[in-house]
Amino acid sequence: EKTGKVLGEFSRCYKEQYGVALFNSVRYEIEGNGGPQAQLLHRKVPLEDHVIYSGNLFQYIEENKKWRNRFCVVPHNYGLVLYENKLAYERDLSPRVLINSAGYKILTSVDQYLELVNNSLPGVTPKSGHSPILKCPTDFPLILWHPYARHYYFCVMTGKEQEKWRAVFQDCVRHCNNGISEDSKVEAPAFTDAIRMYRQAKEQYGTWDMLCGTETQVLSNLVMEELLPELRTTIGPRLKGKAQERQRTWIQISDAVYRMVYEQTKAHYDALTAKCEQERPQMESTIRTDMDQIITSKEHLASKIRAFVLPKAEVCVRNHVQPYISSILEALMTPTSQGFAEVREVFFKEVTDMNMNIVNEGGLEKLVEYMEKLSHLAFHPVKMQSCYEKMDQLKLEGLQQRFDVSSTSVFKQRAQIHMRQQMDDAVYTFETLLHQELGKLQGKDDLCKSIQRILERVLKKYDYDSSTVRKKFFREALLQITIPFLLKKLAPTCKGELAKFQELIFEDFASFILVENTYEEVVLQSVMKDIMQAVKEAAVQRKHNLYRDSMVMHNSDPNLHLLGEGVPIDWGEEYSGQPEAEPQPDKRRRAKQVVSVIQDDEGVLPYEVATEVLLQPGSPEPDPGAPPSSPDGVEMIRKALAKGSLEDGVGAEEQLTNGTDAT
């Protein structure tokens, strides 16, 4: 009943915003885009038939309360796919678990997790000395926590592995959180504006941490945000058993409810979008026929609202926003610019190292090998981590409380997505230009000089494009911080008076012009001038390597964008000299991998060997909380480890005792 009520209110908001978004899309199409042209090429399908990552790790199975070794694969869609073992994956057997990580947080400490669990069910905290809800057999856990959905528990044997898996999981979360397609020029803005309007009607302004994932996931989060407190009040007192059991039961109940809400939400949203799509041709026809009249009507409405709102808004901006814009901008610019500078540095280093290796080892064969790796540099979570972690420095300090910003994670993830895109654009432009040059080159020296020359050209293009992207990001972030604050400040004196402006809209155009949206545009105009000026002044200072707005880089490669429209380059296939393509059935198993956590080609993992020794077919699994096994058992594990491949020269005994007991 509660889900139906929330979805009903949202549907009303969505239908209103759909007409506005359709009008804006058609108007944009007619009037065109006056923004600067990107200098770098954009790859259409970056990771087709590639696996991002794969390797072994332990997973805690809640059903039998045991830890199991699992083979985890991260395909190109950034889902987490868990198989029984590597053999099951290679044989194309069904996976054990599929995880969409949108909305999850990656925790590397059991204490962090227990704190979140204790907060999720107030008043239920295990007494000191009692066993916690989760015990980890090593010192290197990786926990996927979600406020509503099921939690997933993993662990590895070393800190190095933990860092790598953490980078991979964070990449998955970052990608899955960005689940609403930006290619959709009508549905996506209609949806996000409808969510915002719904929350503002409940007096919830500002950024929202759970705007994560696909439309259905975001909408499910919206329902759960209202439903969960009521469930907690109703069900919480009725839970029986020890504190740990009540917490575990509550997590299961929350997950079960979330799944039910998700199914109901998906059916409702699919029906809603299908209905709007059905009405779209008629609406679009009206917009194209009456475009001039709609624009005139909207401008008339805006002038009336402006006369009423603008004086109040300008006073509010002058007193409460303007003094802090430069501080917010500086807080945003420092980590963001450092991150983009690191992207440039990583790209430069990778290409330069490749060039040096070609000089030393020589030949087109080596170039192909290195280019295959370089082409997916942007999707290498470990190599990109040094760029992403620069955004961890982003702190708005007192400004966060003043402007009621719940979290900076929205801005961090947005900047990191821009970094990855700019890296891939730079790499794709480099490989396209190099591919074009290869036929003209003669000898190793020519090849190395050409690589250096192309690198310099691409870096110039990168500097220009990254400046454009950053300036746009700063403007958008400043608006995301200040506009909700202004709307909240102005609501008591302005919002109640907006209804009187409804009569200024012709009935035929009521689907495309909304008083609330026009009011927000006027508020935006009141602060936009100050924001533009602040970003412009920052560019003039050149402190963060930003180009001035007056600097327009003319297209020095007029045919470059035509090259980008061609068939994607497959370095291995084109230059390997193999005449026959790989058979189709093997394509999935032999999908190229961007990066591997564990090199297990020469044998199984040390801890996997230990597990196999202890767990012969039919034998019960050991309890992680059980006392250590006998010395004979330890000796047997040591011998097994000694036969396996040991990484980084660490001895068998050291590896066994690194962060875990003999069990």
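**Salt bridges, cysteines and strand β6**

Trainee: Is Arg166 buried, exposed or partly exposed?
Mentor: This is a predicted model, and the relative accessibility of Arg166 in it is 23%. Buried requires a value under 20%, and exposed a value over 50%. Arg166 falls in between, so its class is partly exposed.

Trainee: Which residue does the side chain of Arg166 meet in a salt bridge?
Mentor: The contact stays inside helix α4, residues 159-177, with the two residues three apart, about one turn of the helix. The N to O distance is 3.8 Å, and the cut-off for a salt bridge is 4 Å. The partner is partly exposed, with a relative accessible area of 44%. That partner of Arg166 is Glu163.

Trainee: What is the N to O distance between Arg174 and Asp171?
Mentor: Arg174 and Asp171 also lie in helix α4, three residues apart, about one turn of the helix. Arg174 counts as buried at 4% relative accessibility, and Asp171 is buried at 1%. Their side chains meet in a salt bridge, with an N to O distance of 2.6 Å.

Trainee: How many residues apart in sequence are the parts that Glu521 and Lys298 tie together?
Mentor: The side chains of Glu521 and Lys298 meet in a salt bridge at 3.2 Å, N to O. Glu521 lies in helix α14 (residues 515-541) and Lys298 in helix α8 (residues 291-361), so the pair ties together parts whose separation in sequence is 223 residues.

Trainee: Which residue of the pair Glu521 and Lys298 is buried?
Mentor: Glu521 has 32% relative accessibility and counts as partly exposed. The other residue has a relative accessible area of 12%, and the limit for buried is under 20%. The buried residue is therefore Lys298.

Trainee: How many salt bridges does the count come to?
Mentor: Some of the charged residues are linked in a network of salt bridges, namely Glu29, Glu187, Arg280, Glu284 and Arg288. For the model, the count of salt bridges comes to 31.

Trainee: Cys172 and Cys176 are both buried; how many disulfides does the structure hold?
Mentor: Cys172 has a relative accessible area of 0%, and Cys176 has 9%. For Cys172, the closest cysteine sulfur is that of Cys176, at 6.2 Å, too far for a bond. A disulfide needs the sulfur atoms within 2.5 Å, so this pair does not qualify. The number of disulfides in the structure is zero.

Trainee: Which residues of β6 point the other way from Pro141, Ile143 and Trp145?
Mentor: Strand β6 covers residues 141-145, and five of its five residues are buried. Pro141, Ile143 and Trp145 point one way from the strand. Pointing the other way, and also buried, are Leu142 and Leu144.

Trainee: Which residue of β6 is the bridge partner of Leu107?
Mentor: Strand β5 (residues 105-107) is joined to β6 by three bridges, and the two run antiparallel. The residue of β6 that partners Leu107 is Ile143.

Trainee: Which residue in β7 stands opposite Leu142?
Mentor: Strands β6 and β7 (residues 152-155) run antiparallel, joined by four bridges. A hairpin connects β6 to β7 through six residues. Opposite Leu142, in β7, stands Phe154.

How values were computed: Residues numbered from 1 in each chain as written. Predicted model: local features only at pLDDT ≥ 70, side-chain atom pairs only at ≥ 80, totals over all residues. Heavy atoms only, no water. Buried < 20%, exposed > 50% of the residue type's maximum accessible area, 1.4 Å probe, protein only. Pairing = 2+ DSSP bridges.
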